[in-house]
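Dear colleague,

Please find the structure below, handed over for your records. I would be grateful if you would read the notes beneath it with the coordinates open.

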Amino acid sequence: MLTKKQTGGDTSNLPTLWQQTASPSPKTTPLGGDSSTDIAIIGGGLSGLSAALHLSEAAIPSLLLEAGRIGDGASGANTGWWVPGLALLDAATLDARLGPERADALRVELAASARSIPELVRRHRVMCDLSTRGVLYAASTPKTLAKISREAERWAAAGSAIDVVGQAAMPGHLATDHYIGGVLYADGGTLNPLAFCNGLAAAAIAQGALIHTCSPAIGIARERDGWRVDTARGSVRARAVLLATGASPQSPWPAARNARYRLKIAMVASAPFADHGRSILPSGVPFTDMDSFDTLGGAFDPAGRLVMSILPGTSTRPRPADLAAPYWRKFRQIFPQAPADPGWEFGWFGHEAVPPGRMASIHEPEPGLFVLQGYAGNGINQAIHFGRAIARSMASGDRDAIEIGLTPLRPARGATIASALANRLLLPLARTLVYR
Ligand SMILES: Cc1cc2nc3c(=O)[nH]c(=O)nc-3n(C[C@H](O)[C@H](O)[C@H](O)COP(=O)(O)OP(=O)(O)OC[C@H]3O[C@@H](n4cnc5c(N)ncnc54)[C@H](O)[C@@H]3O)c2cc1C
């Protein structure tokens, strides 16, 4: 049994739907004694697992340390939707940030990565309830429709399969007349995120990576020809270290903890709907309402449970029904045919890393020590992509292989106070206002 302190990713310890439904994780043990490897990876979420898998595929030895269990952070607790895009960053801002050429190159890579997820799942026989129906971004106002259409054009130019859905076709996806149109990211889909993590861990181990769970890294020290990472019961010497600890407050490199904001997201899952939700989502395509601040929406899992991320309130251990109640009131204004009480069975929390630039960042604060973090809520595809990109760069020594470049590791202004303020005050306040 893990103690609260041992679980690195989250602090709520509320049972999740995914813990009940995911295929089991591969057998792993804590690190004991002293060992050595080429690359030490800290963090067994999607970023660390993708790096471990792709390093193994390049025949580079790696050893991954996870504080708790595989997928204990955001990676095993999220909504399980992947899309090619960047959550909080529109194309124009990305162009201005990276320059048009690099921004285009990044979009092409992320589009290809999104297309590669089903292939990754099949190649490694990952049992994760993969659905490749796409993800629908829905708009109820002309302004939002114009905005999401502009964005979609840029992703289409980067190679993503995009279907523009006109107003007449919307009820085929969403059984309501609330929406005037939408954009279907056909290269996206849904999966069981914890099962995906477990499957990637098994694949990485099968390719030769070493993974130790219940092994929090408690210190990182420079040595003459590399680095040493310490845990309570052992240590690893490595040529280079990758820190992929997400939003965890347990990151052993304090500067990494202070370089991003840590935002809380709540999750709810209902009891199975008898019709698998077809009276709400006739085509079974998950949707997100781009006019709503919390991007209200939903997806039905293979058992017919509605699963959704929502704004958190102030309670740290709410009953699932209380957590879902205000969100559900708003949902039923749009879908009045939805049952008044779908029997909320699960409610849990996760934390997401949001760097000041609102996009993934990779740093090398000291030679051979890399920090990868921050996907602002859209991390499945990005973690796979950037984990792979950094693995390639570490294998080849070519730092230019990373399209977003290496940036200095700078503190996010007031990271701790701003995160606490957002999680304890602003997000609960937004919940009250948005779910009126
Ligand atoms: C509720 C929620 C819903 C989301 N929904 C979606 C979605 O539908 N689609 C999408 O694309 N993205 C979504 N995201 C974002 C996505 O889950 C994250 O961006 C992504 O999983 C981050 O992966 P990561 O590996 O970087 O970090 P994490 O998954 O947080 O992994 C970090 C790992 O490091 C470990 N760790 C921490 N400290 C130490 C230490 N000292 N030693 C060893 N290990 C340590 C932790 O235990 C943890 O397992 C969601 C996020 C949340 C919170």
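The notes below describe a sheet, two helices, a nonpolar core and two individual residues.

Please bear in mind throughout that this is a predicted model.

**The sheet**

Eight strands make up an open sheet of mixed pairing, in the order β5-β6-β4-β13-β14-β15-β12-β16. Its edges are β5 (162-165) and β16, each of which pairs on one side only. From one strand to the next, the twist averages 20°.

Two of the pairings may be followed residue by residue. Strand β4 (residues 135-139) and strand β6 (residues 181-185) are antiparallel and joined by five bridges; within this pair, Leu136 is opposite Leu184 of β6. Towards the other edge, strand β12 (residues 261-270) runs antiparallel to β16, with 10 bridges between the two. Val268 has Gly347 of β16 as its bridge partner.

Although β16 is an edge strand, 10 of its 11 residues (344-354) are buried, so the strand is largely enclosed by the rest of the structure.

**Helix α8**

Helix α8 (residues 320-334) lies across β12, β15 and β16, and it runs at about 75° to β16. The buried residues of the helix are Pro320, Leu323, Ala324, Tyr327, Trp328 and Phe331, and they pack against β12, β15 (306-310) and β16. The 15 residues of α8 reach 21 Å from the first C-alpha to the last, close to the 21 Å expected at 1.5 Å a residue. The helix nevertheless bends by about 40° at Pro326.

Gln333 also belongs to α8. With 13 other C-beta atoms within 10 Å, Gln333 is partly exposed. Its C-alpha is 23 Å from that of Ile148, a residue 185 places away in sequence.

**Helix α6 and the core**

The largest nonpolar core contains 138 residues, of which Ala40 and Val241 touch the most other members. Helix α6 (residues 193-206) supplies the largest share of this core, namely nine residues. Val241 is in contact with Ala40, Ile42, Ile220, Trp227, Val229, Gly368, Leu369 and Phe370, leaving aside neighbours within four places in sequence.

Helix α6 itself is mostly covered, with 12 of its 14 residues buried. Among them are Pro193, Phe196, Cys197, Asn198 and Leu200, together with the run Ala201, Ala202, Ala203 and Ala204. The elements that cover the buried residues of α6 include α1 (17-21), α2 (46-57) and β8 (210-212). The end C-alpha atoms of α6 are 20 Å apart, which agrees with the 20 Å that 14 residues should span at 1.5 Å a residue. After α6 comes Gly208, which has a positive phi near 115°.

**The loop between β12 and β13**

Gly284 is located in the loop between β12 and β13 (287-289). This glycine is partly exposed, with 14 other C-beta atoms within 10 Å. Not counting residues up to four places away in sequence, Gly284 touches Arg133 and Phe300. Gly284 and Ala259 are 25 residues apart along the chain, and their C-alpha atoms are separated by 39 Å.

**Where to begin**

When you open the model, I would suggest viewing α8 together with the strands it lies across, β12, β15 and β16. Val241 would be a suitable second view, as one of the two residues that touch the most other members of the largest nonpolar core.

With kind regards

Notes
Residues numbered from 1 in each chain as written. Predicted model: local features only at pLDDT ≥ 70, side-chain atom pairs only at ≥ 80, totals over all residues. Buried ≥ 20, exposed ≤ 12 C-beta atoms within 10 Å, placed from the backbone. Helix = DSSP H or I, 4+ residues; strand = E, 2+ residues; numbered from the N terminus. Pairing = 2+ DSSP bridges. Expected span 1.5 Å × (residues − 1). Bend = angle between axes of the 7 residues up to and from the residue. Contact = placed C-beta atoms within 7 Å. Core = buried A, V, L, I, M, F, W, Y, C linked by C-beta atoms within 7 Å. Axes fitted to C-alpha atoms, helices over the stretch in contact; angles between N-to-C directions.
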